[in-house]
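Please open your viewer and get ready to follow along, one selection at a time. Each stop says what to pick and what is there.

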There are 4 protein chains.
Amino acid sequence: MGQPAFHWRDRFVAIRGNKMFEMVVISIIILSAMMIGVTTYDVGPTWMTVLHFLDIAVTVFFLVEISVRMVAEEKVRNFFRSGWNIFDFLVVTASLIPVDESEMVLLARLLRIFRVLRLISIIPELRILMNALVTAIPRMGYVVLLMFIIFYIYAAVGSLMFEKINSVLWGDISIAMLTLFRVATFEDWTDVMYETMAVYPFSWVYYLSFIFLTAFVFLNMMIGIVLDVMQTEHEKFNQESGEGTAGEVHWLKEHSEEVDQRLQRMEGMLKQLTEKK
Amino acid sequence: MGQPAFHWRDRFVAIRGNKMFEMVVISIIILSAMMIGVTTYDVGPTWMTVLHFLDIAVTVFFLVEISVRMVAEEKVRNFFRSGWNIFDFLVVTASLIPVDESEMVLLARLLRIFRVLRLISIIPELRILMNALVTAIPRMGYVVLLMFIIFYIYAAVGSLMFEKINSVLWGDISIAMLTLFRVATFEDWTDVMYETMAVYPFSWVYYLSFIFLTAFVFLNMMIGIVLDVMQTEHEKFNQESGEGTAGEVHWLKEHSEEVDQRLQRMEGMLKQLTEKK
Amino acid sequence: MGQPAFHWRDRFVAIRGNKMFEMVVISIIILSAMMIGVTTYDVGPTWMTVLHFLDIAVTVFFLVEISVRMVAEEKVRNFFRSGWNIFDFLVVTASLIPVDESEMVLLARLLRIFRVLRLISIIPELRILMNALVTAIPRMGYVVLLMFIIFYIYAAVGSLMFEKINSVLWGDISIAMLTLFRVATFEDWTDVMYETMAVYPFSWVYYLSFIFLTAFVFLNMMIGIVLDVMQTEHEKFNQESGEGTAGEVHWLKEHSEEVDQRLQRMEGMLKQLTEKK
Amino acid sequence: MGQPAFHWRDRFVAIRGNKMFEMVVISIIILSAMMIGVTTYDVGPTWMTVLHFLDIAVTVFFLVEISVRMVAEEKVRNFFRSGWNIFDFLVVTASLIPVDESEMVLLARLLRIFRVLRLISIIPELRILMNALVTAIPRMGYVVLLMFIIFYIYAAVGSLMFEKINSVLWGDISIAMLTLFRVATFEDWTDVMYETMAVYPFSWVYYLSFIFLTAFVFLNMMIGIVLDVMQTEHEKFNQESGEGTAGEVHWLKEHSEEVDQRLQRMEGMLKQLTEKK
């Protein structure tokens, strides 16, 4: 009696692993992405109807696809163990929520845009890239915190000193932080500076020290972390594959054990010889 | 009978490999580049005639040069095996197409500009640089794809939300992507932001998150890949030349085999000694 | 008699090392930071009174906290051996200075902003980051000096040549240096250039050579130093932990001594054997 | 008879190597730099007279200083072997040329600015930095050439296509290259693009491809080369000092010879033993 059920799941596993099936899924995601793109143009009502029916078709296909992948698992719980699967599930089910009011149409369309992100979850190379990025995040966390503290202090000082000069740019601490972000991207920062220099001639110290702290030192730290992560991965890969200098050093270490054993055997034999005498 | 033909090809091979001939070709390419430059200035009709005849001379020279290189090959097919040769052939033959109509003159002049690229195909150091760039392209491919997905999603959201605020910047998804590229290069991005913040006060989240995703994280990944490619090449070169740490590690690995053989011989002799007893 | 005193200090050491106590201190610092943020908004008089009393509470808490840490030391002198402690002490005591006049209120508020920096001194990960930055400073010193010389020379030339064209940008050497910093950040630098090119058509050489010297070459040197510092630290960490290629090489070096000793023993035994014969 | 002459030169060598003398020279260079700075401000006639006499004093001091260093050499020819010495000599002698006409005063003042560069030639750390930069130049040469070719081709195309739209930006090939440099620095590049997009809607391809080729790929190559040079130097230094992984690998290689000799001795003894039997 359990046989057919088992048989069923096997078939689903086969479908899930099928290259053809994967290609179809990728094509449908790209089609769905293009549909989103088309809706931003002014298209006639006929096209709107076509798009509406295509949207229903895509939604149904995604529902079928995710069901296949859920059924293919031994336990449904296993499916939800992967973050990517949870993401896929949310994106697919979110577009099932019926929207009647005109207000909600905007939200429904926004949700459909996230379907494009499914490309990342389905193409392995993109998933690896994303994982590499995510790996770098915790190390970046403290750099971002340090940056935030610097922004906060400068924004507090700026808001306190320059509020009366230009309240649009320095009105409160949050506006001042946005202005400082603008300065950090070098976007018309001299306009901001010349304005305050008319009142405080030495306010260039404020801007220059801020630019040095953020744009130069911290951007470099970010680059440093990214490179560090990349290099560690590069080294690890080389060690395992035996390629490059990292691979050769790993080989030398592994090999030295073999040499040790031979030397031990030789020492044993020598001892035997000297003792015999 | 085949002797003279063989004799002829040998002579062409000699011409092709001649340093002097190479120098003349480079000089003619630079002359042709300078001619293109001169035509962008307003020069008198006398100069125009001179340039016209010079252009014919250059075209004929390139034709002769490429013929020499084709004849120098054992089989013409071999000539087309190199991508650089195909490129040279296309550039040279393209300028042979006769242009009578005034409309086509622009196209003819555009084609002549590509002759400057022949400098890359003829100077070995530039060819190496280009190959290094081309090697990095496949690894960059997925980063570019990821970037494109992010641009596409943000452009879809931007076009949906901000179209009514400024249709010149957010009219449809392609215009929105161009606007986002502008934001990614920090070019007057605050003007774009302040405009939408007047309607949606929290739209700074949209811009800041976009800038973080593109300008910071992905630019770094690009740099990471370039450095990775450079480092791998640097290591490979060092290993082969025996220079640097990579070279020394390679020597150690090669050398350890020699040590192994000596140890094996010694163990053999020791066994002999112990067995004899 | 000394027992109770000893007992007291032990209790303070326990408090200082308490995770709970650290959390409370961090919370109070964050609260104090948020209070600074709130004052930049236009808040009613009721809130101002609340903030005033909260400020007194925070000041008292910081005083108690720093006293605990000072008493916990065997000698008060030890407390002032750490740069971070001196920094904390200055920040805390500075806010104790009574301010009556309205002029001084601004200064008092500015001093309170520096309390946010105490977050860096209390979170170990941020302290490590800051130390890494400080380590890189001496090596950066000479690069900054070289940059300053280049800025100074270009500013002197610019002030000499362009003063009559636009005295707002090139009036004296300090204004000219600020203008050059603006050019180095690419901020509307073409406006500056087009203005002088109207008088000196070849002044683009001045700007382009300056941009090449600063933005390209020196920024890269900065990045180079940051990476170098990061790499050295990464290598040192790997060597100590035995991870990565650096760790394996370190293991090989340590291990080679062991092999040497065995070989020495074996040679000794062999000598014995040959001599006996 | 040659004794006193020898005695004299020794004294000059002692002066040249004196730390105190070096400090005085550096102070005088800094004083001379500050004098240049002061002249860019509007100072009264009294100060102008003071500056004039100070300038004469500085010129005389530099003359004496360079004479000391020339006499300290065994042969004057040796002095001119170092590029830095030639540079110092030119800077010092250039300010000796008498200037009477008012026209030449500007040139004389420009020449005095170059005295600041003497700081680089006299501080060893700055000289090392400059040498590192100069080492990187030949490798950068081909990248710059490749960049120039790309700029030239794009400028030719731009000048051909956009001249009628805006002759100020695209008038001839040299103006077009300047405009493209502006685009490469992201300085108001969208203004340039929007103008041409009004005529050729697809001209964004021209700008985006140009930005990708220059700003992204080539800037990265530049960084790559700088890092490569830095890393090679870092590795070389570590190898020699025996620090870091590079130093340990170097030690391992050196040490392996010692092991080889011991093994050879042992094999010899073993052969002796087996042959005796």
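Where in chain B is the place of B:Phe186? Select B:Phe186 and you land in the loop between α10 (173-184) and α11 (189-197) of chain B. Keep in mind as you look around that this is a predicted model.

**Stop 1: two loop residues with positive phi**

While B:Phe186 is selected, check its backbone: phi is near 65 degrees, a positive value in a residue other than glycine. With 23% relative accessibility, B:Phe186 counts as partly exposed, because that class begins where the buried one, under 20%, ends.

Now move to chain C and select C:Asp188. This residue sits in the loop between α10 and α11 (189-197) of chain C. C:Asp188 is not a glycine, yet its phi is positive, about 50 degrees. Its relative accessibility is 12%, so C:Asp188 counts as buried.

**Stop 2: chain A as a whole**

Next, colour chain A by secondary structure. You should find 13 helices and zero strands. Reading along the sequence gives the pattern α-α-α-α-α-α-α-α-α-α-α-α-α. Chain A has 277 residues, of which 47% count as buried. If you draw a contact map for chain A, take the contacts between residues at least 6 apart in sequence: 61% of them join residues at least 24 apart.

Switch the colouring to confidence. The mean pLDDT of chain A is 82, and 87% of its residues reach 70 or more. Among the elements of chain A, which helix has the lowest mean pLDDT, and which the highest? Helix α1 (residues 2-17) has the lowest, at 69, and helix α10 (residues 173-184) the highest, at 92. Where pLDDT is low, the predicted coordinates should not be read in detail. For the assembly, the predictor gives an ipTM of 0.80 and a pTM of 0.80.

**Stop 3: α8 against α10 in chain C**

Go back to chain C and show helix α8 (residues 124-162) with helix α10 (residues 173-184). Their axes come within 8 Å and cross at roughly 115 degrees. That angle makes α8(C) roughly perpendicular to α10(C). The crossing of α8(C) and α10(C) is right-handed.

Display the side chains of the contact. From α8(C), pick C:Phe148, C:Phe151, C:Tyr152, C:Tyr154, C:Ala155, C:Ala156 and C:Ser159. From α10(C), pick C:Ile173, C:Ala176, C:Met177, C:Leu180, C:Phe181 and C:Ala184. By class, the residues of this contact are twelve nonpolar, one polar and no charged.

Stay with C:Met177 for a moment, in helix α10 of chain C. Is C:Met177 buried or exposed? Its relative accessible area is 17%, so C:Met177 is buried. Leaving aside residues up to four places away in sequence, C:Met177 touches C:Phe148, C:Phe151, C:Tyr152 and C:Ala155. For a distance check, draw a line from the C-alpha of C:Met177 to that of C:Met193: the two are 16 residues apart in sequence and 15 Å apart in space.

**Stop 4: an exposed valine in α9**

Select C:Val168, which is in helix α9 (residues 167-170) of chain C. C:Val168 is exposed, with a relative accessible area of 65%. Add C:Val64, 104 residues away along the chain, and the C-alpha atoms of the pair are separated by 52 Å.

**Stop 5: α8 between chains**

Now bring up helix α8 (residues 124-162) of chain A together with α8(C). These helices pack at an angle of about 80 degrees, with their axes 10 Å apart. α8(A) and α8(C) are therefore roughly perpendicular to each other. On the α8(A) side, select A:Tyr142, A:Val143, A:Leu145, A:Leu146 and A:Ile149; on the α8(C) side, select C:Glu125, C:Leu126, C:Leu129 and C:Met130. The contact of α8(A) with α8(C) has eight nonpolar, no polar and one charged residues.

For the last selection, show helix α8 (residues 124-162) of chain B and helix α8 (residues 124-162) of chain D. Their axes come within 10 Å and cross at roughly 80 degrees, so α8(B) and α8(D) are roughly perpendicular to each other. Here B:Glu125, B:Leu126, B:Leu129 and B:Met130 meet D:Tyr142, D:Val143, D:Leu145, D:Leu146 and D:Ile149. By class, the contact of α8(B) with α8(D) has eight nonpolar, no polar and one charged residues.

Technical notes:
Residues are numbered from 1 along each chain as its sequence is written. Chains are lettered from A and ligands numbered from 1 in the order in which they are written. Side-chain values use heavy atoms; hydrogens and water are left out. pLDDT is the predictor's confidence in each residue, from 0 to 100. Helices (H or I, at least four residues) and strands (E, at least two) are DSSP runs, numbered from the N terminus. Axes are lines fitted to C-alpha atoms, for helices over the stretch in contact, and angles run from 0 to 180 degrees between N-to-C directions. Angles under 35 degrees count as roughly parallel, over 145 as roughly antiparallel, 65 to 115 as roughly perpendicular and the rest as oblique. A crossing is left-handed if the near helix is turned anticlockwise from the far one by less than a right angle, and right-handed if clockwise. Contact means heavy atoms within 4.5 Å. Ala, Val, Leu, Ile, Met, Phe, Trp, Tyr, Cys and Pro count as nonpolar, Asp, Glu, Lys and Arg as charged, and the others, Gly among them, as polar. Buried means under 20% relative accessible area, exposed over 50%, partly exposed in between (1.4 Å probe, protein chains only).
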